[in-house]
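Colleague: I'm new to reading protein models, so could we go through this one together? I'll ask, you explain.

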Amino acid sequence: MRSHSPFHKHAQRARGGGRHDTKGVGLLPSSLPSSLDGGKPTAKRRNKKQVPSFRKLLKTSKVKLENKLKNKQFKQQSTLKKYRKEQRKLRQAVNDAVSKKPMPLEDPKKKRPGKRIEREEEEEEEALPLDMMDADDLQLMRDLGQRASFLTRDLSSSEPVHAKKRKHERVIDKYEKIPRTLQTAPEKELIHLLPIKDKSGIIPQTREKPVIDSKQDEEDEEELELEEEIVEDPIRELTLEEHLIERRKKLQEKKMHIAALASAILSDPESNIKKLKELRSMLMEQDPDVAVTVRKLVVISLLELFKDITPSYKIRPLTEAEKSTKIRKETQKLREFEEGLVSQYKFYLENLEQMVKDWKQRKLKKSNVVSLKAYKGLAEVAVRSLCELLVALPHFNFHNNIIVLIVPLMNDVSKSISEMCCEAVKKLFKQDKLGQASLGVIKVISGFVKGRNYEVRPEMLKTFLCLRIKEIEVKKDTEDINKPKKFMTFKEKRKTLSRMQRKWKKAEEKLERELLEAEASESTEKKLKVHTETLNIVFVTYFRILKKAQRSPLLPAVLEGLAKFAHLINVEFFDDLLVVLHTLIESGDLSYRESLHCVQTAFHILSGQGDVLNIDPMKFYTHLYKTLFKLHAGATNEGVEILLQCLDVMLTKRRKQVSQQRALAFIKRLCTLALHVLPNSSIGILATNRILMHTFPKTDLLLDNESQGSGVFLPELDEPEYCNAQNTALWELHALRRHYHPTVQSFAAHLIAGAPSEGSQALKPELSRRSAAELFQTYSMGAMTFNPPVQSSSSKKKSEVLQGDLFLNEDLNQLIKRHCGEVATHSPLDFAKYLKTSLR
């Protein structure tokens with residue numbers, strides 16, 4: 001196929017193909033000799049050294065014609081460009097003349113300088129009189145006077161505007177044509193002004209630019225320098241005390257200004273809302289002496305202002321229809337107040353965020369007003385303000401933005417900032433009744449933990465323990481789903497009821513709806529939905545860590561959280577979760593505290609909805625029985641609280657599933673443990689034993705010395721069912737009866753007497769009514785003091801102090817003095833003499 005591109009047609013014409021290439025020249029006759037046509041047709045045409053044919057010569061002449069046409073077009077374009085350039089110059093000259101201040105014209109009677117006179121004489125000599133010029137030349141000169149080049153070119157030159165450079169003209173000849181003048185005075189520059197039109201034509205106007213003498217400039221500069229030296233007094237350096245006094249004065253002025261603005265805003269927020277902007281502008285204080293202090297004061301002042309003047313609802317933006325409608329002045333004033341409050345609150349939050357970013361990035365500002373050391377103090381104040389706003393204004397605008405700022409700071413390197421943010425989140429969880437704000441925080445924390453690949457501080461997950469979630473939505477049965485309709489439809493009323501009955505029914509339904517609104521049943525359903533969604537996100541986070549990061553430091557917080565919310569977990573997950581917990585315990589990688597949390601979680605699961613499951617948790621009992629001796633009076637003493645909670649769930653609440661042998665083994669081992677823990681732990685353990693002895697009455701055989709049944713007690717065996725605990729006695733209670741702590745003594749004596757509820761050996765009400773965990777907290781020795789304090793014994797002072805010889809008997813004292821006073825004599829010792837005397 002033939003190509004239809006323009007490049008194909010151009011190539012075809014270059015080859016001379018077709019009849020259209022010879023248009024205007026005539027057709028080539030067929031009777032011409034073959035030598036003119038280029039010899040043989042095809043074979044010899046391929047030879048490159050061939051003589052060009054007549055067709056090729058015609059083609060060459062055509063190319064030359066095309067080139068000439070192109071050159072002509074190019075010249076026309078260049079002429080147009082030059083004309084446009086002249087027009088631009090004219091406009092520029094006119095603009096320059098308009099922008100300059102007009103000066104008065106020169107006096108014609110005044111003598112012109114010699115240079116100007118000489119040039120005008122030369123022009124008059126060279127110029128021809130108008131009588132000797134043709135009419136065409138005169139018309140040409142007038143046309144030239146109207147053109148732009150007449151104003152923009154140098155009028156002293158007689159050359160045309162676009163004179164071409166001639167090749168034969170030499171540089172020396174051109175230089176010789178320039179008129180000579182003596183350099184008596186500095187040459188003055190000319191400033192072109194607007195021309196004047198007269199009968200004779202257009203007269204150009206120029207003004208000489210005044211030339212300032214260099215000597216005079218130097219003298220003026222010296223005078224100015226002297227004046228500056230006289231005016232500017234040298235700055236006196238302040239001493240340290242004067243500097244502090246000056247700083248205190250500036251700071252007092254700023255404080256008064258801040259207080260005045262804040263009091264004005266508080267007195268009438270709607271009228272003085274614009275003063276918030278003025279107060280917020282002080283966050284950019286530039287005085288280096290007071291910049292940091294003023295910024296901190298402004299941040300705290302704005303925080304308190306926003307907490308006071310912010311309404312108890314969220315302000316939404318107005319729609320176009322609301323903006324176009326006419327409203328009252330009071331409503332308009334309220335809208336302006338709300339818009340100003342929201343905008344200033346947004347800018348304030350942005351300023352706080354920028355302070356934290358500046359501290360994080362360690363970037364020094366160009367102004368150098370705030371030092372790098374001061375950034376941390378500013379950032380701490382900003383973070384504290386954000387935490388306060390998070391807790392105080394959960395209902396207001398931009399609360400989600402504050403959450404996004406606070407959550408990453410919970411994992412900050414700085415311990416103080418991390419604790420501050422975690423405490424704020426805990427406080428929000430504790431006071432959040434509806435749960436909407438808690439849900440937003442939980443979502444951000446879950447995403448942050450997953451994004452960091454579970455490498456975060458455990459304190460972040462410990463905040464989940466403060467969630468106020470006690471009920472969630474449970475899957476409803478078919479009966480609950482297919483409930484009968486509460487209110488009858490209009491058709492049902494019309495079929496079954498008369499007109500009067502329908503009227504009464506309508507009034508009853510209206511009253512019922514009002515009662516439902518008063519009971520806030522909708523809000524309860526909404527709260528349950530929010531709590532369910534929150535707990536789902538919490539469990540998803542926990543299960544991810546159990547699956548992917550079992551050796552993470554987050555595991556204790558996860559197990560503790562599962563232990564708290566285990567009764568709300570869906571029954572479908574119970575089997576898998578118990579298998580995971582048992583695997584973690586058997587792995588041996590857990591600490592005593594983590595293993596206790598595993599046991600606690602397992603029994604919380606089995607004590608709630610897990611009652612319906614047929615699962616024997618014997619392995620968890622065995623593990624707890626084995627773990628008891630890992631606790632002591634040292635660092636592990638704090639784990640006793642978790643142990644007491646586990647014992648309550650495992651033994652007391654599951655009394656029907658616990659055998660007597662298991663209860664006896666735990667009571668015996670707990671009494672042994674009470675000997676080597678701190679007093680508060682001993683009190684908690686003995687309180688647990690008291691409850692177990694009441695729950696399992698047959699365990700009082702441990703208070704008898706006689707053995708029951710066969711076998712010998714094996715205290716080192718880790719199986720509570722087979723250690724033969726019935727063949728031992730609680731001899732540890734007699735040692736605890738002589739304990740230095742009075743409460744331990746009273747508990748031990750109470751248990752030895754059989755834990756009676758009445759009589760002289762009964763406990764006091766303040767001890768018997770409290771649980772074991774409460775007693776552990778009450779008698780805690782965390783402050784490194786005795787609880788209760790030890791009474792000091794009042795010892796009588798002795799009137800006389802015995803010293804030296806007064807301790808000895810009088811007879812003995814005299815004998816010693818007599819022997820010391822005798823002179824020692826050296827006589828031979830005869831032991832046989834004394835021996836004979838004694839024998840006689």
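Modeller: Happy to. One term first: a residue is called buried when its relative accessible area is under 20%, and exposed when that value is over 50%. Also keep in mind that this is a predicted model.

Colleague: Okay, which residues of α25 are buried?

Modeller: Helix α25 runs over residues 618-627 and is mostly covered, with 8 of its 10 residues buried. The cover over those buried residues includes α23, α24, α26 and α27. The buried ones are Met618, Phe620, Tyr621, Thr622, His623, Leu624, Tyr625 and Thr627.

Colleague: Arginine 654 caught my eye. Is arginine 654 buried or exposed?

Modeller: You'll find arginine 654 in the loop between α26 and α27. Leaving out residues up to four places away in sequence, arginine 654 touches Phe603, Leu606, Pro617, Tyr621 and Val649. Its relative accessibility is 10%, and the cut-off for buried is under 20%, so arginine 654 counts as buried.

Colleague: How far apart in space are arginine 654 and leucine 606?

Modeller: Leucine 606 is one of the residues that arginine 654 touches. Along the sequence the two are 48 residues apart, but from C-alpha to C-alpha the distance is 9.4 Å.

Colleague: What about threonine 652: which residues is threonine 652 in contact with, leaving aside neighbours within four places in sequence?

Modeller: Threonine 652 sits in helix α26. With a relative accessible area of 13%, threonine 652 is buried too. Once the neighbours within four places are set aside, its contacts are Leu647, Ile691, Leu692 and Thr695.

Colleague: And what is the relative accessible area of cysteine 723?

Modeller: Cysteine 723 belongs to the loop between α28 and α29. Beyond four places in sequence, cysteine 723 touches Tyr625, Ala665, Val712, Phe713, Leu714 and Leu717. Tyr625 should ring a bell, since it's among the buried residues of α25. Cysteine 723 is buried, and its relative accessible area is 0%.

Colleague: Let's zoom out. Which residues have the most contacts inside the largest nonpolar core?

Modeller: As a rule, nonpolar side chains in soluble globular proteins tend to be buried together. Here the largest nonpolar core has 157 residues. To get a feel for one of its members, take leucine 341: not counting residues up to four places away, it touches Ile273, Leu276, Phe306, Ile309, Thr310, Pro311, Ile315 and Phe396. The residues with the most contacts inside the core are Leu276, Leu302 and Leu341.

Colleague: Any empty space in there? How many nonpolar, polar and charged residues are in the lining of the largest cavity?

Modeller: Searching the whole structure turns up 2 cavities of 30 Å³ or more, and the largest holds about 60 Å³ of space. Its lining is made up of Asp432, Gly435, Ser438, Leu467, Arg468, Ile469, His531 and Thr534. By class, that comes to 2 nonpolar, 4 polar and 2 charged.

Colleague: Last one: which elements have the lowest and the highest mean pLDDT?

Modeller: The protein averages a pLDDT of 77, and 69% of the residues score at least 70. Over residues 1-45 pLDDT stays under 50, and over residues 476-485 it also stays under 50. Helix α18, residues 478-481, has the lowest mean, 38, while the highest, 94, belongs to helix α14.

Conventions:
Residues are numbered from 1 along each chain as its sequence is written. This is a predicted model: local features need pLDDT of at least 70, side-chain atom pairs count only at pLDDT 80 or more; totals for chains, interfaces and linings use all residues. Side-chain values use heavy atoms; hydrogens and water are left out. A nonpolar core is a set of buried Ala, Val, Leu, Ile, Met, Phe, Trp, Tyr and Cys residues joined through side-chain atoms within 4.5 Å. Buried means under 20% relative accessible area, exposed over 50%, partly exposed in between (1.4 Å probe, protein chains only). Contact means heavy atoms within 4.5 Å. On a 1 Å grid over the protein atoms alone, a cavity is a set of points where a 1.4 Å probe fits but cannot get out, and a pocket is an open set with protein on both sides within 12 Å along at least five of seven lines; lining residues have an atom within 4 Å of a point. Grid points are joined across faces, edges and corners, and a volume is the space filled by probe spheres set on the points. Ala, Val, Leu, Ile, Met, Phe, Trp, Tyr, Cys and Pro count as nonpolar, Asp, Glu, Lys and Arg as charged, and the others, Gly among them, as polar. pLDDT is the predictor's confidence in each residue, from 0 to 100. Helices (H or I, at least four residues) and strands (E, at least two) are DSSP runs, numbered from the N terminus.
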